[in-house]
Amino acid sequence: MKRPPQFIFLDAGNVLVSFDYAKGFRQIAEETGISFSQVEGFYTKENLQPQLESGHLSWHEVHSAFCNHFSSEITLKRFSTAAGNIFTLKAEMIPVLASLQRNCFRLGLLSNSCQPHWDYLCNSRYSLLPHAFTTIVLSHEVSVAKPAREIYHYAQKIVQVSADQIFFCDDLTANVDAARAIGWDAEIFTTARQLIRDLNDRGIRLGM
């Protein structure tokens, strides 16, 4: 059995919430009268999501570029809501977070995100975001995205915990491998039940 970590970092997408980019494209298409394929093509051709998540492109710039490209008059607020409303809460994770909080474990969020997505999550009815976490590290705010090592070093510096005392769970192998490469204890997320088992293997008993 591994020793209990001093800090736990979780990813957001496909760990706490599932998401559907196509839903965002459909909603933008409905708001603007532009076809789904054109909206999707604009995002994919310009490779916008990675640039947004790494902080190399602002959401205001994307809105402006979209309006100029399609001669659209959609407001920034409507554009942001259409793009951001793509998430579904993973209900099975709520009792896991509640138990971690109840047992006073230090808990953080380490996520590749962009402004409209994070704004929507925080302004929706998902009370666990951001309130469940003492530390939040978002790629678009720190201008570096997983799996780049810099974001892990940044997160570790904030929580002031040695690498081998941090547990991290993410749904992408590349992100988990990068965390392990700098000495973090990390596991792939598959289900809430598997996360409970992974924590149990580290001496964290959630009573679930």
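No charged residues turn up in the lining of the second largest pocket, which splits into 8 nonpolar and 5 polar ones. Keep in mind that this is a predicted model. The largest pocket does have charged residues in its lining, 5 of them. Here's a quick run through both sites.

**Second largest pocket**
- This pocket holds about 190 Å³ of space.
- Its wall is made by 13 residues, and the ones nearest the centre are Tyr21, Phe25, Tyr43, Gln49 and His117.
- Three helices each put two or more residues into that lining: α1 (21–32), α2 (36–45) and α3.
- Of these, α1 hands over the largest share, with 4 residues.

**Largest pocket**
- The volume here comes to about 320 Å³.
- A set of 24 residues lines the largest pocket, with Gly13, Phe19, Tyr21, Glu53 and Asn112 sitting nearest the centre.
- Two or more lining residues apiece come from α3 (48–53), β4 (107–111) and α7 (115–123).
- The top contributor is α7, though its share is just 3 residues.
- Sorted by class, you get 11 nonpolar, 8 polar and 5 charged residues in this lining.

**Where the two overlap**
- Tyr21 is worth a look in the viewer: it's among the residues nearest the centre of the largest pocket, and it's also in that group for the second largest pocket.
- Helix α3 shows up twice as well, giving two or more residues to the lining of the largest pocket and two or more to that of the second largest.

Note on methods: Residues are numbered from 1 along each chain as its sequence is written. This is a predicted model: local features need pLDDT of at least 70, side-chain atom pairs count only at pLDDT 80 or more; totals for chains, interfaces and linings use all residues. Side-chain values use heavy atoms; hydrogens and water are left out. On a 1 Å grid over the protein atoms alone, a cavity is a set of points where a 1.4 Å probe fits but cannot get out, and a pocket is an open set with protein on both sides within 12 Å along at least five of seven lines; lining residues have an atom within 4 Å of a point. Grid points are joined across faces, edges and corners, and a volume is the space filled by probe spheres set on the points. Ala, Val, Leu, Ile, Met, Phe, Trp, Tyr, Cys and Pro count as nonpolar, Asp, Glu, Lys and Arg as charged, and the others, Gly among them, as polar.
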